[in-house]
Amino acid sequence: MTREAIDEFRRFQRDKEVNSQLYSKLTVRGKVPVKSSDIQVGDLIIVEKNQRIPSDMVFLRTSEKAGSCFIRTDQLDGETDWKLKVAVSCTQRLPALGDLFSISAYVYAQKPQMDIHSFEGTFTREDTDPPIHESLSIENTLWASTIVASGTVIGVVIYTGKETRSVMNTSDPKNKVGLLDLELNRLTKALFLALVALSIVMVTLQGYVGPWYRNLFRFLLLFSYIIPISLRVNLDMGKAVYGWMMMKDENIPGTVVRTSTIPEELGRLVYLLTDKTGTLTKNEMIFKRLHLGTVSYGADMMDEIQSHVRDSCSQMQSQAGGNNTGSTPLRKAQSSAPKVRKSVSSRIHEAVKAIVLCHNVTPVYESRAGVTGETEFAEADQDFSDENRTYQASSPDEVALVQWTESVGLTLVSRDLTSMQLKTPSGQVLSFCILQLFPFTSESKRMGVIVRDESTAEITFYMKGADVAMSSIVQYNDWLEEECGNMAREGLRTLVVAKKALTEEQYQDFESRYTQAKLSMHDRSLKVAAVVESLEREMELLCLTGVEDQLQTDVRPTLEMLRNAGIKIWMLTGDKLETATCIAKSSHLVSRTQDIHIFRQVTSRGEAHLELNAFRRKHDCALVISGDSLEVCLKYYEHEFVELACQCPAVVCCRCSPTQKARIVTLLQQHTGRRTCAVGDGGNDVSMIQAADCGIGIEGKEGKQASLAADFSITQFRHIGRLLMVHGRNSYKRSAALGQFVMHRGLIISTMQAVFSSVFYFASVPLYQGFLMVGYATIYTMFPVFSLVLDQDVKPEMAMLYPELYKDLTKGRSLSFKTFLIWVLISIYQGGILMYGALVLFESEFVHVVAISFTALILTELLMVALTVRTWHWLMVVAEFLSLGCYVSSLAFLNEYFGIGRVSFGAFLDVAFITTVTFLWKVSAITVVSCLPLYVLKYLRRKLSPPSYCKLAS
């Protein structure tokens, strides 16, 4: 209780810290500071660069000239790429900040919803004639928990508190109770029933004489040792020890155990649900390959490309220089020339130029600190200096491509909404005017740009996209499909780049149709797409690029190990389907021999039914499904879908929202009843981590939100292997042994009491007095029994080498009703032998029975610990001798303490009797009879049907 209260208090402190962050609120009187917990709907809030956005807002204006800014959304959807947000143009155009109060306008927003990818609203300004109406979409919003990456923004608050998108997407945490604790609770209930039954039997055998109900209660008290009260204490201390061992393990540095109540869960997992970005991958893109159809360039041949680019650039410069009379004749000459096969050099130059022009990347310059007194120089130089240039884009792939073109000589130096500047290897700057930009959408799977070269006035339409979308657009070729397949098998993300030269007339015609389509009110998106498609015909294929998303270190062997351990791995990601499939292959989540079944997009019940039937016919193949289709399937065919998915060796769910991730976890728990574990590293994984039986957070680039909410926090994905195979396995096996041993300890002394009572005419008289009973459960047997938490059946190296050992644990055989009954039988046998042996061997006086039986009992317990231990640890030996020493020394101590003459203790501690040979041989004989058969049985069982770990150990 206290421990959980401390955990809660720490959480409270962390929440308070976040809620008391200060922000600037804009009022008629100017800026006033306001705590984030006091922000209300309708407030105008100013958020600086690198500050967290406190609540959901509509973006009114920004300090950036372009009227747009970038935000980081990693804590919301787990994607580390930056998103471009656009300010409402009506308020962005106002001359000064204070003018926001001089206009009369209102924002209409839809009711709070969970979907973070959509928003519908309108902005209306009433004091103009006619009133201005602007439609608001997702690009005009700033959701809470995101961070401003560029400029200062001002927004009007539309949702706060529980209505914000990020809070609606997190679920309430639940108190986690381990499966082992539940099993032990069941056994304790069984023991309680046994206690009542035994007491009733005793009273019945007495024959209900006199006040029998009083005797019933006396028996209940006498046999109360059956209930293992010390079990909870022992287990909790054990859990603390396991947690300490995990944190001290040098092979997994930086591991933190935040919930110390469930370490055994790590040993029982069947489903592991993992996030992709930042968990399996590093989210660092690296350009790996350029393919031109006839020739392919790998990472080691980039210098060759560099020299080609340098040559063709200088060639063009000299051409332009020799033809200085004007740029038009040059074009005429070019276009009328017969189509010769282009040289490799010019083809490479075309490809690199297309890559550097067709994208959504903006170069950003950090103002250099430390240059004092040279401000003018810094200003002039700032534009094109390479050291402080960084690229911002909504996709890390695009940044990788632009960084690569910089490394081979063509550098993107500046970009705004209408123009772009490139720098050639010789330092010449080329300007291009952006005429149209067609952004990437998940439906079209491609993006395009129409640019005009300022020096030659040529208009070119560049396009890049996924091979699926582009193969029908480019001119016929025989290599694209094959090469895409080859690159995908290497785990590279492929993009096809193409271009088309347009004449001025063609472009003007296109522009008028495009503008018309953009103004239509009905089916606008369809009409716009149709106009763009009229351009997307017979494009010239330039090249195919391959970019690698680097996997975290040792992801492949770790996943392999987990799969061999019988754990089914599901990957839940917010990323695109192609990327997710690609990573699933490259990380060996799906093995090479397995087929992948990509679940088609379904929207209705009928479609879902057909698609599920198609999937049912396939065997042993991995499933890839998107979040929308998953929703539909779960709505109509929840049971069937989960049943099919559970049979798959691996499942990949892409485009998942945070709540969907949590829902999948709870579905697995309900339908399979197995233990689940969720692994993630961003704010979008928190719900999933809290819903799972065991949550593991990775401290990553995406902040600490996941690792703070998790039960276990690690620094790298590969540490999971050791955490489960070694620590999880040990925690479960040790706790199971410890739990059963504590129960055995109580049962054996209760059996002796029962035998004693039945021999003496069912008298409800205690066999041992208070002090002995207290000493028995604490000082005499506590250390050896607790030392079982140091026991291990195989060495950690073995457990890592043979993950199959882990498979046995999921069946829960270390602690079941079967093992429990075996221990009950052992307790009854030993208790009976100890008591009857003492009674058979006792001399003239009854007092010696107590001395003989109690000493034999302590020895038996110590020997039983030795029998249970699989691998000795020096502390165990110390514990055994310590307990024995405590018992022997306490005999002398008790003797003086209670004085001779009292029947209960004095006579029991008859020093003269204890030191005789008779006493020693009687005790030894009883102990041997009670323990030897068990040793023999254990030896035979080891020889005849050894458990799997024995086979390995030998």
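The following exercises, each with a worked solution, concern a predicted model.

Residues are numbered from 1 along each chain as its sequence is written. In this predicted model local features need pLDDT of at least 70, side-chain atom pairs count only at pLDDT 80 or more, and totals for chains, interfaces and linings use all residues, while side-chain values use heavy atoms, with hydrogens and water left out.

**Exercise 1. The nine-stranded sheet**

Determine the strand order of the open sheet of nine strands, and state which strands stand at its edges.

Solution. Begin with the terms: helices (H or I, at least four residues) and strands (E, at least two) are DSSP runs, numbered from the N terminus. Two strands pair if DSSP finds at least two bridges between them.

Step 1. The order is β13-β32-β31-β30-β14-β26-β29-β28-β27, and the pairing is mixed.

Step 2. β13 (256-257) and β27 (595-598) each have a single partner strand, so one side of each lacks a neighbour in the sheet.

Step 3. Within the sheet, β30 (residues 675-680) and β31 (residues 694-698) run parallel and are joined by four bridges. V679 stands opposite I696 in β31.

Step 4. Helix α24 (residues 719-759) packs on the sheet and touches β14 (269-274), β30, β31 and β32 (712-714). Contact here means heavy atoms within 4.5 Å. The direction of α24 makes about 140 degrees with that of β32; axes are lines fitted to C-alpha atoms, for helices over the stretch in contact, and angles run from 0 to 180 degrees between N-to-C directions.

Step 5. Helix α18 (residues 577-586) lies across β26 (568-572), β27, β28 (621-626) and β29 (650-654), and runs at about 155 degrees to β29.

**Exercise 2. Helix length and a kink**

Compare the span of helix α33 (residues 917-944) with the expected value, and locate its kink.

Solution. The expected span is 1.5 Å times one less than the number of residues.

Step 1. α33 has 28 residues and reaches 39 Å from its first C-alpha to its last, close to the expected 40 Å.

Step 2. A kink of about 30 degrees lies at C931, shortly before the proline P933. The bend at a residue is the angle between axes fitted to the seven residues ending there and the seven starting there.

Step 3. The buried residues of α33 include F919, V923, I926, C931 and L934. Buried means under 20% relative accessible area, exposed over 50%, and partly exposed in between (1.4 Å probe, protein chains only). An α-helix has 3.6 residues a turn, so residues three or four places apart point the same way.

**Exercise 3. Aromatic pairs**

Classify the pairs Y271–W570 and F438–F510, and place each in the chain.

Solution. Rings of Phe, Tyr and Trp (its six-membered ring) pair if their centres lie within 6.5 Å; planes under 30 degrees apart count as stacked, over 60 as edge-to-face and the rest as tilted.

Step 1. The whole structure has 20 aromatic pairs.

Step 2. Y271 and W570 are edge-to-face, at 6.2 Å centre to centre with 90 degrees between the planes. Y271 is in β14 and W570 in β26, 299 residues apart. Both Y271 and W570 are buried.

Step 3. The ring centres of F438 and F510 are 6.1 Å apart and the planes stand at 90 degrees, so this pair is edge-to-face. F438 belongs to β21 (residues 429-438) and F510 to helix α15 (residues 504-519), 72 residues apart. Both F438 and F510 are buried.

Step 4. Ring pairs link F438, F461, Y507, F510 and Y514 into a cluster.

**Exercise 4. A covered strand**

Describe the burial of strand β24 (residues 492-502) and its pairing with β23 and β25.

Solution. Step 1. Ten of the eleven residues of β24 are buried.

Step 2. Seven bridges join β24 to β23 (residues 459-465), antiparallel; V497 is the bridge partner of K464.

Step 3. Eight bridges join β24 to β25 (residues 540-551), also antiparallel; A498 stands opposite L541.

**Exercise 5. Unusual backbone geometry**

Identify where the cis peptide bond before P130 lies, and how exposed D554 and H588 are.

Solution. Most residues other than glycine have a negative phi, and most peptide bonds are trans.

Step 1. A cis peptide bond joins D129 and P130, with omega about 0 degrees. P130 is in the loop between β8 and β9.

Step 2. D554, not a glycine, has a positive phi of about 60 degrees. D554 is in the loop between β25 and α17 (555-564), and is partly exposed at 40% relative accessible area.

Step 3. H588, not a glycine, has a positive phi of about 60 degrees. H588 is in the loop between α18 and β27, and is partly exposed at 23% relative accessibility.
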